[in-house]
There are 2 protein chains.
Amino acid sequence: MAVRGMRQKKKVEFLTEVELEFMTELWALGEGSVRDVLAQLAPERNLAYTSAATILRIMEQKNFVTSEKRGKTFVYKPMLAKDAYQSKTLRNLSDKLFDGTPATMVARLVNDQGMSEQALEEIRALLDRRLKDNDS
Amino acid sequence: MAVRGMRQKKKVEFLTEVELEFMTELWALGEGSVRDVLAQLAPERNLAYTSAATILRIMEQKNFVTSEKRGKTFVYKPMLAKDAYQSKTLRNLSDKLFDGTPATMVARLVNDQGMSEQALEEIRALLDRRLKDNDS
DNA sequence: TTGGACTTACGAAGGTCTTAGTATTTACTC
DNA sequence: GAGTAAATACTAAGACCTTCGTAAGTCCAA
């Protein structure tokens, strides 16, 4: 009997570069085996099967995904929704690089991110809705 | 004669955790010596002087700061303005975690970052200005 | 039930990051 | 010019990350 799923001392908060790459595919797929995820990566990525398996196993140890055995293979599923992780990441970035003021962040985005006029309009509409809700 | 400022193969784009911590102090100070930066850190940080010196020397190798010798000590200065680095970081985050659509990012920020009504109003004003400029 | 294809578990190499100790250099004073 | 306090340069340890090879386990078909 193999040992799987050992605990770890410190809670890991954020995905590493490669883990984010994998999680992105899992978010898109909903769930997937090592082979499924590997198939989603760009062809020029050229990652060995065992590397992908290792990455997913580590992600499970860090509680970023759960696995379920189907026949011979494990199927992995995100433990964290994409938008929740987006929020978490933005909060962290706001703290670390924007003095904890997310408004500065939005300002920076709106000012120099080369957003289309349509995108800007959408955001304004979003703000209008938000500000109306606050009134009630 | 010591060897300082050796080149490096690959261009480094982003600050590491500790480098960001140091760069934040340099941005606030404008410039500073090892001792200056160390003095700015939280007292409970307890970092050895030589560690701080090493970090700044590495940051110079990576072209994040320049140094100038004044008397016995080096004074370090950022090579990159804070807002430029903020923009760069946001662009990267948008690509990696938001499918390259910064509008989604703003939406996430506005929706769950707990911004005050005043902050939201300011952003809307900013957008209004941006959208008017585009018309002309 | 045994062979083969595929899967998982483990270990290790090579890299970067963070930290700090030791050794060397430097500027200034007497 | 020698001594001294402070700064810089170097080295290295320990942690984590990425990658992959090898070994061991597993399912199925003939």
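1. Start with A:Lys69, which sits across from A:Phe74 of strand E2 in chain A. This is a predicted model, so read every pairing here as a feature of that model. At another spot along these strands, A:Val65 faces A:Pro78 in E2(A). Both pairs belong to an antiparallel arrangement in which strand E1 (residues 65-70) of chain A is joined to strand E2 (residues 73-78) of chain A by six bridges.

2. What about the turn between those two strands? The hairpin of E1(A) and E2(A) leaves two residues between the strands. Keep an eye on A:Gly71 there, since its phi is positive, near 60 degrees.

3. Now hop over to chain B. Strand E1 (residues 65-70) of chain B runs antiparallel to strand E2 (residues 73-78) of chain B, and six bridges pair them. If you want one pair to look up, try B:Thr66, whose bridge partner in E2(B) is B:Lys77. The hairpin of E1(B) and E2(B) has two residues between the strands, and B:Gly71 adopts a positive phi near 60 degrees.

4. How do the two chains relate to each other? A turn of 180 degrees, with a shift of 0.0 Å along the axis, lays chain B on chain A with an RMSD of 0.2 Å. The two copies are therefore related as by a two-fold rotation axis. Both copies also use the same surface: of the contact residues of chain B, 100% recur in chain A.

5. Next, the largest pocket. Its space comes to about 900 Å³, and 23 residues line it. Which residues lie nearest its centre? They are A:Thr89, A:Asn92 and A:Leu93 from chain A, plus B:Thr89 and B:Asn92 from chain B.

6. Where does that lining come from? The elements giving two or more residues to it are helix H1 (17-29) and helix H4 (82-97) of chain A, along with helix H1 (17-29) and helix H4 (82-97) of chain B. Sorted by class, the lining of the largest pocket holds 12 nonpolar residues, six polar ones and five charged ones.

7. Last, the domains of chain A. The assignment gives domain 1 as 17-78 and domain 2 as 98-135. Taken over C-alpha atoms, the centres of domain 1 of chain A and domain 2 of chain A are 34 Å apart.

Conventions. Residues are numbered from 1 along each chain as its sequence is written. Chains are lettered from A and ligands numbered from 1 in the order in which they are written. This is a predicted model: local features need pLDDT of at least 70, side-chain atom pairs count only at pLDDT 80 or more; totals for chains, interfaces and linings use all residues. Side-chain values use heavy atoms; hydrogens and water are left out. On a 1 Å grid over the protein atoms alone, a cavity is a set of points where a 1.4 Å probe fits but cannot get out, and a pocket is an open set with protein on both sides within 12 Å along at least five of seven lines; lining residues have an atom within 4 Å of a point. Grid points are joined across faces, edges and corners, and a volume is the space filled by probe spheres set on the points. Helices (H or I, at least four residues) and strands (E, at least two) are DSSP runs, numbered from the N terminus. Ala, Val, Leu, Ile, Met, Phe, Trp, Tyr, Cys and Pro count as nonpolar, Asp, Glu, Lys and Arg as charged, and the others, Gly among them, as polar. Copies are superposed by least squares on the C-alpha atoms of residues with pLDDT of at least 70 in both. Contact means heavy atoms within 4.5 Å. Two strands pair if DSSP finds at least two bridges between them. Domain bounds come from an automatic or database domain assignment.
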